[in-house]
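Q: Please take one part of this model and go through it closely, residue by residue where that helps. Then set out what lies around it in the rest of the chain.

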Amino acid sequence: MGALLVTPKTDKYNEHGESNGLRYGVASMQGWRAEMEDAHTAITGLNGGLSDWSYFAVFDGHAGALVSAHSAEHLLECIMQTEEFKAEDVIKGIHSGFLRLDNEMRDLPEMSSGTDKSGSTAVCAFISPRNIYIANCGDSRAVLCRAGCPFFSTRDHKPVLPAERERIQNAGGSVMIQRVNGALAVSRALGDYEYKNVKDRGPCDQLVSPEPEIFVLDRDNEHDEFLVLACDGIWDVMNNEDLCDFIHSRLLLTDDLEAVTNQVIDTCLYKGSKDNMSIVLVTFPAAPKPSLEAQKKEAELEKVIEWNMRAMIGAQKDQIDFVKILQFLVDQKIPNLPPGGGLPAKQPFIEQVFRKVCPRETLNHNVSMGYEFDITNP
């Protein structure tokens with residue numbers, strides 16, 4: 001994974017937009033990693049007579065940020081310039097565009113000289129009035145929530161998958177400790193050219209393949225709620241059901257999509273994610289809307305948390321320990337915690353109360369993040 005910081009960088013990059021009946025919010029954070037290697041793209045309204053199409057993508061770089069940044073800037077162009085895409089064969093256009101970008105990046109000075117050995121996973125989505133085209137290369141993931149449940153998810157390309165392992169072995173490599181040649185944790189990626197030099201084998205038959213897995217879904221305007229594109233820093237600590245449940249519950253509280261995506265990233269940090277984190281959230285017309293009832297329940301939950309904290313703090317005679325407060329809250333098995341998020345989703349509020357009640361005490365973030373005990377919703 002690489003070096004970790006002594007203290008995580010929690011500053012967030014955000015953006016949002018609205019067009020074509022879609023709304024989107026973006027959040028990314030460096031977290032515990034020494035460098036920020038994620039990148040993303042969000043565009044509503046494409047050129048070439050496709051103003052009613054939108055494009056979203058997340059790129060999770062490794063061993064450097066060059067490939068992820070370059071892909072975020074150029075993948076869409078590479079896809080749309082293919083003859084297949086121009087001929088309205090979207091699936092073949094996406095496939096050719098990925099391979100074209102991967103081939104062209106070999107000629108970047110840093111790549112051709114061997115000074116940069118970075119790579120990047122990629123997950124992207126084209127949303128047209130009738131369809132959703134999703135392409136995945138690596139272990140970033142897309143999930144579509146329909147009627148309150150995960151309806152579709154991409155497959156993470158890991159070396160241990162039978163077909164991936166077979167390709168790797170046929171190319172003269174091996175899978176050790178669930179990694180390509182014991183080193184790389186993904187079996188498909190853009191860049192990573194040191195794994196793509198087997199002679200007499202095409203680009204999709206190398207140790208690491210740039211080939212995307214492509215899916216086409218018919219839109220369901222009555223039931224489609226939202227689409228999530230996120231890097232594995234999110235999926236390491238939240239599964240599809242958790243994330244869909246959590247986002248669904250947050251959309252009942254606010255229509256600020258930047259705020260919702262920030263809550264996802266914060267919750268994943270408090271659940272113990274040590275990676276960079278990026279998420280693109282796209283909502284459809286059928287997405288949940290803020291509810292007074294849900295907002296009231298959330299306010300009641302926060303009153304319960306604060307009451308428990310004040311009772312515990314008041315009973316302490318020695319130095320007030322924030323971790324002990326967290327453990328105390330866990331032991332109380334407080335009901336109605338955010339689904340999929342549990343107590344970690346409320347840690348910003350818990351810290352806020354701690355500062356209010358104990359203004360002279362120091363809150364050690366390094367201890368409060370990434371708990372040693374189970375803090376998930378029972």
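**A hairpin, the cores and a helix**

A: Cys145 has Pro150, in strand 8, as its bridge partner. The model is predicted. The two strands concerned, strand 7 (residues 141-146) and strand 8 (residues 149-153), pair in the antiparallel sense over four bridges. Two residues separate them in a hairpin, and Ala147 in the turn has a positive phi of about 55°.

Next, the nonpolar cores. The largest has 30 residues, and Tyr55, Phe98 and Phe126 touch the most other members. At least two of its residues come from each of strand 4 (54-62), helix 1 (66-80), helix 3 (90-105), strand 5 (119-127) and strand 6 (131-137). Helix 1 gives the most, with seven residues. Beyond its neighbours within four places in sequence, Tyr55 is in contact with Thr41, Ala42, Ile43, Leu46, Leu75, Leu76, Cys124, Ala125 and Phe126. A second, separate core of 27 residues includes Val143, Phe246, Leu257 and Val260.

Helix 3 contributes to the largest core. This helix has 16 residues and spans 22 Å from first to last C-alpha, close to the 22 Å expected at 1.5 Å a residue. Its buried residues are Val90, Gly93, Ile94, Gly97, Phe98, Leu101, Asp102 and Met105. These residues lie on the same side of helix 3 because they cover an arc of only 160° around the axis. In an α-helix there are 3.6 residues a turn, so residues three or four places apart point the same way. Lys92 and Asn103 are exposed on the other side of helix 3.

How values were computed
Residues numbered from 1 in each chain as written. Predicted model: local features only at pLDDT ≥ 70, side-chain atom pairs only at ≥ 80, totals over all residues. Heavy atoms only, no water. Core = buried A, V, L, I, M, F, W, Y, C linked by side-chain atoms within 4.5 Å. Buried < 20%, exposed > 50% of the residue type's maximum accessible area, 1.4 Å probe, protein only. Contact = heavy atoms within 4.5 Å. Expected span 1.5 Å × (residues − 1). Arc of directions from axis to C-beta. Pairing = 2+ DSSP bridges.
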